[in-house]
Amino acid sequence: MTWCLGSRHREVILPCTGQSSDRSRPLQTVMWTSWWLWPLVAVCTADQFRDEAERIMRGTPVIDGHNDLPWQLLTSFNNQLLAPGANLTTLAHTHTNIPKLKAGLVGGQFWSAYTPCDTQNKDAVRRTLEQIDVVQRMCQLYPETFLCVTSSKGIRQAFQEGKVASLVGVEGGHSIDSSLGVLRALYHLGMRYLTLTHSCNTPWADNWLVDTGEDKAQSQGLSSFGQSVVKEMNRLGVMIDLAHVSVATMKAALQLSKAPVIFSHSSARRLCDHRRNVPDDVLELVNRTGSLVMVNFYNDYVSCGAEATLSQVADHLDHIKKVAGPGAVGFGGDFDGVSRLPEGLEDVSKYPDLVAELLRRQWTEAEVRGALAENLLRVFEAVEQASDHTQTPEEKPIALDQLEASCRTTYGYSGAPSLHRPLGPLLASLAPLLFSLCLL
């Protein structure tokens with residue numbers, strides 16, 4: 001006797017009699033149905049989560065904490081937005097352009113005004129000003145897409161208008177050149193967060209490489225001037241960003257600040273033991289202070305390897321939610337600032353897929369809306385409420401001996417050259433010359 005498949009869909013194996021047994025037909029039907037039903041259910045469920053993600057995001061679009069598109073505009077076009085190839089509608093070879101932002105339902109973006117550490121004690125301030133300028137010109141050139149704002153109220157206005165609320169985050173304390181006056185000037189130009197360090201110490205705060213041993217601790221977290229910077233940021237209403245800083249700096253700022261702080265693009269160290277990530281004891285401080293960790297998508301901070309997945313990014317979001325609470329979670333993709341991104345999160349258009357994964361993991365709609373935007377808005381509003389422009393500004397300058405002397409004048413410091421030197425010392429310095437003239 002030969003055996004054959006009852007149908008090409010493998011419903012049941014029967015003796016070959018030219019037709020299937022009547023007795024076997026119910027079983028055949030069930031097995032044939034199961035062959036196509038379960039894959040269809042899986043597809044429909046995936047579509048359901050994706051559709052739900054889009055529905056939520058149309059009401060609460062994502063606010064991303066950190067995007068380095070301005071740096072790409074500098075390195076590729078020297079910030080010339082009208083240069084061939086620089087059109088943000090057709091911009092290629094970047095993680096970010098206007099169509100991708102719209103597909104990703106991005107409603108708010110902190111654009112990074114970044115200048116590398118090798119500009120410290122040189123032209124860091126000038127470079128920072130130019131990066132702030134290019135963000136402002138993006139808003140001027142594409143007013144139908146971008147709305148430059150400087151407040152939580154402005155973000156909500158952009159949401160209502162269907163535009164991308166565009167804010168400036170200055171990435172690295174070296175951008176203020178150890179000057180409270182420069183800090184205030186950058187605030188007036190639109191800066192709404194300052195990352196206390198990049199991957200280098202400032203004269204007043206230590207960076208994450210101190211924790212690896214590659215850099216030496218200079219301030220043991222924050223120096224006295226660093227504390228003045230934090231206090232002045234509180235007074236102005238500038239969010240304190242602790243991405244890139246050492247653990248000691250994290251703890252010092254969290255304990256000193258009168259307002260919640262942010263990590264604009266950092267992940268969970270428990271899941272990836274990279275010193276750029278946030279350890280659990282700091283996450284507990286984040287919880288107690290109502291602060292926020294916006295998860296970075298860079299593979300090296302997600303998986304501690306060259307490859308990573310969207311699911312692993314969701315793991316970081318899960319962990320931070322578990323340790324610091326659902327109000328402490330946000331997104332800080334670091335798009336256009338990193339060389340490797342997870343499979344499934346290749347550019348800014350992929351945010352709905354990540355939100356769908358959170359829904360699949362049974363995050364509530366309220367938790368998802370929090371991670372998308374409401375947690376950041378809560379922190380921003382708390383920073384605004386803690387600010388007090390009627391309070392006397394911090395004025396005491398950093399000590400001269402804490403500054404690198406090259407390429408720097410010293411006007412204003414005691415003993416520095418002055419156009420109005422006292423007459424006595426001047427005459428004393430001229431006495432030998434006058435005496436010699438009398439002998440002639």
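I will talk about the disulfides of this model and then about the surroundings of Ser 291. The model is predicted, so local features need pLDDT of at least 70 and side-chain atom pairs count only at pLDDT 80 or more, while totals for chains, interfaces and linings use all residues. Residues are numbered from 1 along each chain as its sequence is written, and side-chain values use heavy atoms, with hydrogens and water left out.

Taking a disulfide as a pair of cysteine sulfur atoms within 2.5 Å, the count comes to three. One of them joins Cys 117 to Cys 200, with an S to S distance of 2.1 Å, and with -85° about the S-S bond this link is left-handed. The pair links distant parts of the chain, 83 residues apart. Cys 117 is partly exposed at 21% relative accessible area, whereas Cys 200, at 11%, counts as buried (buried means under 20% relative accessible area, exposed over 50%, partly exposed in between, with a 1.4 Å probe and protein chains only).

Another disulfide joins Cys 139 to Cys 148, and this link is right-handed, with 85° about the S-S bond.

Turning to Ser 291, where is this residue found? Ser 291 sits in the loop between α10 (280-289) and β10 (292-295), where helices (H or I, at least four residues) and strands (E, at least two) are DSSP runs numbered from the N terminus. Ser 291 counts as buried, at 1% relative accessibility. A polar atom of the Ser 291 side chain lies 2.9 Å from the backbone nitrogen of Val 261.

Terms used:
A polar contact is a pair of N or O atoms within 3.5 Å; within protein, one must be able to donate a hydrogen and the other to accept it, and residues adjacent in sequence count only if both atoms are side-chain atoms.
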